[in-house]
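Hi,

I am passing a structure on to you, with some notes on what turned up in it. Please have a look at it first, and then read on below.

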Amino acid sequence: MKDNDEKLKELMIRSQQGDQNSYREFLALIYPIIQSKVKRKVFCDNDVHDVIQEVMVSIHQSLATYDSAYPIHPWLHTICQRRVIDYIRKTSKFSELHDGQEFDVTNHVGAANIESEVEKYELLDPLNEETKRAVIMTKVYGLSTAEAATELGIKENALRTRLSRAFKDIEKFLKKDI
Amino acid sequence: MIMNEPSNNENMNDLISQLAGDLKPVKKLPPVKWRVLWFGLSQIILIPFLMKLYSALQLSDFHWDSLQHDLFFIIQVILMLTTLVTTITVCLLSILPGRYKEKYLWIPMTSVILLMISVAANYFSTAQVHMEHRSLCMAEVSFLGLIPFFIMLKMTKKGFFISENTTLLLGAFASALFPTLIMHFTCSTHPTHVFVYHFIPLFLFAFLIPKIYLKFFH
């Protein structure tokens with residue numbers, strides 16, 4: 001980890017001086033790091049790639065903000081976290097807008113499936129079991145709030161409140177590291 | 001998803017090549033302490049220059065004598081300077097990924113709270129030496145407020161917004177405080193006059209203009 005940090009630092013210093021090959025190598029090295037960070041926090045597989053791209057572009061635009069006197073991983077981590085938070089905000093706003101519409105649900109939501117999904121995302125750690133289920137049903141399986149509420153045996157308004165609290169808790173959890 | 005992996009990797013290789021191709025040498029942001037110093041010096045140099053241009057406000061209008069016999073005034077000046085330095089420092093840290101921590105906010109917040117307490121205490125005190133307020137003080141403070149606002153905007157624009165609202169709030173605070181400090185020396189009929197009529201309008205302007213720009217045009 002320390003060697004990796006030193007290597008990334010060296011490549012970054014050369015990149016800041018305009019060395020395109022070092023920069024290419026730097027981006028290729030950080031890609032798997034960013035990918036693993038994003039995959040642990042973004043529910044929808046289709047969106048993972050978009051979020052990674054946004055992180056890479058943000059890194060490119062923020063090259064001037066890196067100071068080589070400090071370690072590079074916290075710098076990368078913060079940019080990554082910020083873009084993930086933006087993504088979560090955007091998707092939660094989008095789903096609020098589309099709550100009234102019917103979804104074409106093709107995924108089968110079974111208890112075993114939900115359990116396996118819950119284990120996949122460390123992002124859900126701060127949530128209780130019921131809230132985790134609500135988030136997985138609506139965000140991973142794409143159920144409407146009405147459908148998820150029926151599955152959970154609660155009122156739709158209660159589910160919306162639960163989801164809203166869940167996103168706030170997730171945002172706090174993400175911000176804790178920043 | 002398995003089908004998508006190769007195409008995702010190809011896209012990523014394209015993106016990496018494109019970003020590397022666009023790379024030009026970048027000028028690293030100077031250390032925060034130098035940038036704070038630069039902000040302070042630019043105010044000290046530019047604001048007297050502006051005052052010279054705007055003939056209504058002169059250096060002779062400064063009530064330096066208040067520093068000798070008004071304890072509240074001295075405390076407020078010290079707290080304003082402390083708040084100014086701490087808000088600029090944390091504001092500039094808040095645009096540096098990996099350097100900013102939310103707990104840093106307590107430093108300027110403590111300073112702001114103490115400043116507000118001193119203003120409130122001054123409001124109820126009869127010891128205040130009241131000065132005549134200047135007839136065009138609102139126009140003067142608006143004129144003086146433009147320089148710190150644009151300098152702050154330019155300094156924060158170069159960074160990465162980790163927490164947009166925090167950066168904008170601190171930046172607005174910092175850019176509104178220096179002209180308020182000048183008005184504190186030149187215009188004061190009431191302990192709260194300077195804060196209500198000078199600080200708050202400048203602060204709202206410096207916070208809302210970039211906020212509206214980022215929300216609707218960015």
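**How confident the model is**

Chain B has a mean pLDDT of 83, with 89% of its residues at 70 or more. Please keep in mind that this is a predicted model. Within chain B, the element with the highest mean pLDDT is H4(B), at 90, while helix H3 (residues 66-69) of chain B has the lowest, at 75. For the model as a whole, the scores are ipTM 0.78 and pTM 0.74.

**A helix pair in chain B**

H4(B) is a good place to start looking around. This helix covers residues 71-93 and packs with helix H5 (residues 106-124) of chain B, at an angle of about 155 degrees and with the two axes 9 Å apart. Because angles over 145 degrees count as roughly antiparallel, that is how H4(B) and H5(B) are described relative to each other. Their crossing is left-handed.

If you would like to find the contact on screen, the H4(B) side includes Phe72(B), Ile75(B), Leu79(B), Met80(B) and Val90(B), along with Thr82(B), Thr83(B), Thr86(B) and Thr87(B). On the H5(B) side, the residues they meet include Ile107(B), Pro108(B), Val112(B), Leu114(B), Leu115(B) and Asn122(B). Sorted by class, this contact has 11 nonpolar and 8 polar residues, and no charged ones.

**A helix pair in chain A**

Chain A offers another pair to look at. Helix H2 (residues 20-39) of chain A packs with helix H3 (residues 45-61) of chain A at an angle of about 130 degrees, and their axes are 10 Å apart. H2(A) and H3(A) are therefore oblique to each other, and their crossing is right-handed.

Here Leu27(A), Ile34(A), Gln35(A), Val38(A) and Lys39(A) from H2(A) meet Val48(A), Val51(A), Ile52(A), Val55(A) and Met56(A) from H3(A). By class, the contact of H2(A) with H3(A) has 8 nonpolar residues, 1 polar and 1 charged.

**Where the two chains touch**

How many residues of chain A are in contact with chain B? There are 30 of them, and they contact 25 residues of chain B. On the chain A side, helix H1 (2-16), H2, H3 and helix H4 (72-97) each supply at least two of the residues that touch chain B. That side of chain A has 12 nonpolar, 13 polar and 5 charged residues.

Enjoy exploring, and do write back with any questions.

Best wishes

Methods
Residues are numbered from 1 along each chain as its sequence is written. Chains are lettered from A and ligands numbered from 1 in the order in which they are written. This is a predicted model: local features need pLDDT of at least 70, side-chain atom pairs count only at pLDDT 80 or more; totals for chains, interfaces and linings use all residues. Axes are lines fitted to C-alpha atoms, for helices over the stretch in contact, and angles run from 0 to 180 degrees between N-to-C directions. Helices (H or I, at least four residues) and strands (E, at least two) are DSSP runs, numbered from the N terminus. Angles under 35 degrees count as roughly parallel, over 145 as roughly antiparallel, 65 to 115 as roughly perpendicular and the rest as oblique. A crossing is left-handed if the near helix is turned anticlockwise from the far one by less than a right angle, and right-handed if clockwise. Two residues are in contact if their C-beta atoms, placed from the backbone, lie within 7 Å. Ala, Val, Leu, Ile, Met, Phe, Trp, Tyr, Cys and Pro count as nonpolar, Asp, Glu, Lys and Arg as charged, and the others, Gly among them, as polar. pLDDT is the predictor's confidence in each residue, from 0 to 100.
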